[in-house]
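Work through the following exercises with the sequence and the model at hand. Each task is followed by a solution in steps.

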Amino acid sequence: SSGINAEYGGRGKQAVQWTAAEESELRTLFEKWLDKADAVDICDMIAQDMTTSGDKQRMDVKRKILELNLVGSENADILKKKPKSKADWLPDERSALRSLYEEFQYEKDPVALIQEKLDTKSRRKIIKELEVMMGVRKADLDPERCIWTRDEDEELKILYEHKSETH
């Protein structure tokens, strides 16, 4: 037991047992998250994604990654805990948000429809990102707002451009 304690930082934690299926899933998830390691806490994401076991914690994942030599000393920094930022959006999530907003902007509640597709993000995070990334006004996302159809919106733009040209 003292060897285990020394190996795992002297915290007295017993080594967590891993099945072959769990190790295999860990390797697969490690590959999945590896290219996003600079933006997310890779150990945290793997622990959340584990389906073969619900009892693996972030530190269990980190220890197993090190034990399996999935990272070397030169890139061990990717395993460091990253501060969680409420504004963390991966590039592919931003791209999906932009596409979904373009698809749903004329619907009664575009944020609810976007949230169904981006189930990892809260309504508040989606609204905030639309405001920051695309300059969308919060009032334009309110389900109680006055809704223009796509045709009405295009007609208004044409009228505005025509007025601008004549003045």
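**Exercise 1. Describe the overall fold of the chain.**

Start with the contacts. In this predicted model, of the contacts in the protein chain with a separation of 6 or more, 55% join residues 24 or more positions apart. Next, list the secondary structure: the protein chain has 8 helices and 0 strands, and from the N terminus on the order is α-α-α-α-α-α-α-α. Then turn to the surface. The protein chain has 167 residues, of which 31% are buried. About 11,200 Å² is exposed, and carbon and sulfur atoms supply 50% of this area.

**Exercise 2. Decide where the coordinates should be read with caution.**

Take the average first: the pLDDT of the protein chain is 79 on average, and 83% of the residues score at least 70. Then look for a low stretch. Residues 1-12 have a pLDDT below 50, and beyond near neighbours in sequence this stretch has 14 contacts in the model. Where pLDDT is low, predicted coordinates should not be read in detail.

**Exercise 3. Classify the packing of α3 against α4 and name the residues involved.**

Locate the helices: α3 covers residues 42-49 and α4 covers residues 58-67. Their axes come within 8 Å and cross at roughly 110°. Angles from 65 to 115 degrees count as roughly perpendicular, so α3 is roughly perpendicular to α4. On the α3 side the contact is made by Cys43, Asp44, Ile46 and Ala47, and on the α4 side by Arg58, Val61, Lys62 and Ile65. Sorted by class, the contact of α3 with α4 has 5 nonpolar, no polar and 3 charged residues.

**Exercise 4. Repeat the analysis for α5 and α7.**

Here α7 spans residues 123-134, and its axis and that of α5 come within 11 Å, crossing at roughly 90°. These two helices are therefore roughly perpendicular to each other. From α5, Arg94, Leu97, Arg98 and Tyr101 meet Ile126, Glu129, Leu130, Met133 and Met134 of α7. The residues of this contact divide into 6 nonpolar, no polar and 3 charged.

**Exercise 5. Place Ala96: is this residue buried, partly exposed or exposed?**

Find the element first: Ala96 lies in helix α5, residues 91-104. Then apply the cut-offs: buried means under 20% relative accessible area and exposed means over 50%. Ala96 has 27% relative accessibility, so Ala96 counts as partly exposed. Finally, check a pair distance. Ala96 and Lys117 are 21 residues apart in sequence, and their C-alpha atoms are 9.0 Å apart in space.

Note on methods. Residues are numbered from 1 along each chain as its sequence is written. This is a predicted model: local features need pLDDT of at least 70, side-chain atom pairs count only at pLDDT 80 or more; totals for chains, interfaces and linings use all residues. Side-chain values use heavy atoms; hydrogens and water are left out. pLDDT is the predictor's confidence in each residue, from 0 to 100. Contact means heavy atoms within 4.5 Å. Helices (H or I, at least four residues) and strands (E, at least two) are DSSP runs, numbered from the N terminus. Buried means under 20% relative accessible area, exposed over 50%, partly exposed in between (1.4 Å probe, protein chains only). Axes are lines fitted to C-alpha atoms, for helices over the stretch in contact, and angles run from 0 to 180 degrees between N-to-C directions. Angles under 35 degrees count as roughly parallel, over 145 as roughly antiparallel, 65 to 115 as roughly perpendicular and the rest as oblique. Ala, Val, Leu, Ile, Met, Phe, Trp, Tyr, Cys and Pro count as nonpolar, Asp, Glu, Lys and Arg as charged, and the others, Gly among them, as polar. Accessible areas come from the Shrake-Rupley method with a 1.4 Å probe; for residues, only the protein chains shown count as cover.
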